[in-house]
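This report looks at helix packing and charged side chains. Keep the model open while you read.

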Amino acid sequence: MHDNPFRPGFGISPPMLAGRDALLDEWREVLGLGAWSPFRAALVTGMRGVGKTVLLNAVEDEARERGWTVVHGTLHAGLVDALEHDRLPELLQAADPEAVGRELTGVTLPQLGGATTQVVQRYPREPRLESMLARLVELAEARGAGLLVSLDEVSREALDELRRIAVAVQHLMREDRRTAIVAAGVPAAVAAALDAEGLTFFRRAQQVRLDTLTLAEARAALAEPIRSRGRTIDDAALERAARASEGYPFLVQSIGARAWEHDAQAPAIDLAAVEAAVAIAHEAMGESVIVPALRGLSARDRDYLAAMAEDDGPAATGRVAQRMGAQPGVAGRQRARLLDAGIVVAPARGLVDFAIPRMREHLRAHPHDAQLGLPTAARETFRE
Ligand SMILES: Nc1ncnc2c1ncn2[C@@H]1O[C@H](COP(=O)(O)OP(=O)(O)OP(=O)(O)O)[C@@H](O)[C@H]1O
Ligand SMILES: [Mg+2]
C-alpha cells in the first residue's frame with residue numbers, strides 16, 4: 001500500500017499518462033486494421049520534461065499489444081550500426097529463426113527464403129537496414145500486424161542516422177507496407193531535421209506539439225495514482241500540488257512522489273505534506289532540469305535569460321535587449337534560439353517568458369548559473 005506510485009525522472013513512464021488520450025487514439029487508429037492516418041509518420045516535439053519519451057513508450061506499448069514489431073532507438077552516431085548488427089537480427093530471430101540462420105551462415109535455401117533474404121546474400125554490400133526492415137514488416141504482415149519504428153532524441157549530431165532510417169522506412173511506405181514511424185525531439189532538433197537535406201519526408205509527417213498539462217490533467221495525474229493505491233489526498237492539498245506543478249509533467253511526478261513519502265503511513269495526504277513536497281520538488285528542479293538545460297546554451301543565450309529574470313512575469317523583448325546592452329536584432333537571434341530550444345515561449349507579440357517552471361526563481365537565486373561565459377552588459381546587473 002505504501003509503494004510510491006510516482007515516477008520523477010526522465011523516460012520513466014508515469015502511473016497515469018495524463019492528457020494524452022486523444023493523441024494516443026490517433027495512433028491506435030494507425031495500428032488498427034486497415035486504417036490509414038497521417039500519424040503513420042509523426043514527429044513529436046516539446047520542451048524538456050514535457051513527456052515525449054513516455055508518449056513514445058505508450059505508443060510502443062499499444063503497438064506491441066497488437067502484435068506489431070517495434071524497432072526502438074535513441075538517436076546517436078552508431079545507431080544504424082547497432083540496429084544492423086544487434087537489434088534487427090535479434091528481432092528477426094524472434095519472428096523467424098530460420099531467416100537469421102540463412103543470413104548468418106550465408107547458406108541459400110531458396111525453397112524457404114523470400115526474395116528479400118536472397119538479395120541480402122547475393123549483394124552483401126547492400127545496406128542491410130533496408131532489407132532487414134523489409135523482412136520484419138513482411139513477417140509482421142503475415143501475422144496481421146505491422147512494423148513501428150520509434151526514434152527518440154532527434155538531434156543535430158545524429159541527422160545522418162535519422163536520414164538512413166527515414167529513407168528505409170519511406171521506401172516501405174511507398175510500397176504500402178504496414179509501417180509507421182514516430183520520432184521525437186526538442187524543437188530545435190526537430191527544426192534542424194525538417195530543414196535537413198534528405199529528410200523532406202518528415203516535412204509531410206504529422207507534427208505533434210506536446211504541451212504542458214492543464215490544471216485538470218495535473219489534478220488527475222496526481223489524484224488517480226494515489227487513490228488507486230488505497231490512499232487519499234485532501235482537496236486543498238490536491239489543489240496546491242496541481243497548481244505548484246504548473247502542469248509540468250516532471251514536477252507533477254516530483255511533487256507527487258515527495259507528498260507520498262512525507263508521511264507514508266498516513267492514509268490521507270494533507271496540505272502540510274504537499275507544502276513540504278512542493279518546497280523540495282521546486283528546489284530539486286535546479287539540479288535535475290534547469291542546470292542541465294543551461295549547460296547546453298551559449299553564454300549570450302544565458303545572458304538573455306538572466307536579463308529576462310529581472311521581470312516578475314513575461315518580459316518585453318525590447319527591454320531584454322536593452323538590459324543586455326544589445327541591438328534588438330542581435331538579441332532577436334538569442335530569442336529565436338531559446339524559443340527553438342524550448343527554453344522560452346512567446347506568450348504574445350513582443351513578449352517572452354520562461355517555458356520551464358522555476359527557471360526565473362532559480363536564476364535569481366543562483367545568478368552564477370547564468371554566468372558561465374564571457375562578461376557582458378547583462379552581467380553587471382548581478383555584480384552588486
Ligand atoms: N502525460 C503525463 N502525465 C504524467 N506524468 C508525465 C506525463 N508525461 C510525462 N510525465 C512524467 O514527466 C517526466 C518527464 O517525461 P519524459 O522523460 O518523457 O520527458 P521528455 O519530454 O522526454 O524530456 P527530454 O526532452 O528531457 O527527453 C517523467 O517523470 C514522466 O513520468
Ligand atoms: Mg526524452
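Which residue's side chain meets that of Asp-311 in a salt bridge?

## A bridge across a loop

The partner is Arg-323. Its side chain and that of Asp-311 come to 2.9 Å, N to O. Asp-311 sits in the loop that runs between helix H14 (299-308) and strand E8 (315-316), while Arg-323 belongs to helix H15 (residues 317-324), so this pair ties together parts twelve residues apart in sequence. Arg-323 counts as buried, at 14% relative accessibility.

Bear in mind that this is a predicted model. Across the whole structure, a search finds 20 salt bridges. The pair just described is one of them.

## Bridges within a helix

Two further salt bridges each stay inside a single helix. In helix H2, Arg-64 pairs with Glu-60. Their N to O distance is 3.7 Å. The two residues are four apart in H2, about one helical turn. Arg-64 is partly exposed, with a relative accessible area of 43%. Glu-60 is buried, at 5%.

Helix H6 (residues 128-142) holds both Arg-135 and Glu-138. Their closest N and O atoms lie 2.8 Å apart. Here the spacing is three residues, again about one turn of the helix. The arginine, Arg-135, is buried at 10% relative accessibility. Glu-138 is partly exposed, with a relative accessible area of 26%. A general rule applies to such spacings: an α-helix has 3.6 residues a turn, so residues three or four places apart point the same way.

## A charged network

Some charged residues join in a group. Asp-25, Arg-28, Glu-62 and Arg-66 are linked in a network of salt bridges. Asp-25 and Arg-28 fall within the span of helix H1, residues 21-31.

## The two sides of H1

Which residues of helix H1 are buried? They are Leu-23, Leu-24, Trp-27, Val-30 and Leu-31. Viewed down the helix axis, these buried residues fall within an arc of 105°, so they line one face of H1. On the other side, Asp-21 and Ala-22 are exposed.

What do the buried residues of H1 pack against? Their contacts include one helix, H2 (52-65). They also pack against three strands: E1 (41-45), E4 (179-185) and E5 (206-209). Helix H2 thus appears twice in this report: it packs against the buried residues of H1, and it carries the Arg-64 and Glu-60 pair.

Methods
Residues numbered from 1 in each chain as written. Chains lettered and ligands numbered in written order. Predicted model: local features only at pLDDT ≥ 70, side-chain atom pairs only at ≥ 80, totals over all residues. Heavy atoms only, no water. Buried < 20%, exposed > 50% of the residue type's maximum accessible area, 1.4 Å probe, protein only. Arc of directions from axis to C-beta. Contact = heavy atoms within 4.5 Å. Salt bridge = Lys/Arg side-chain N within 4 Å of Asp/Glu carboxyl O.
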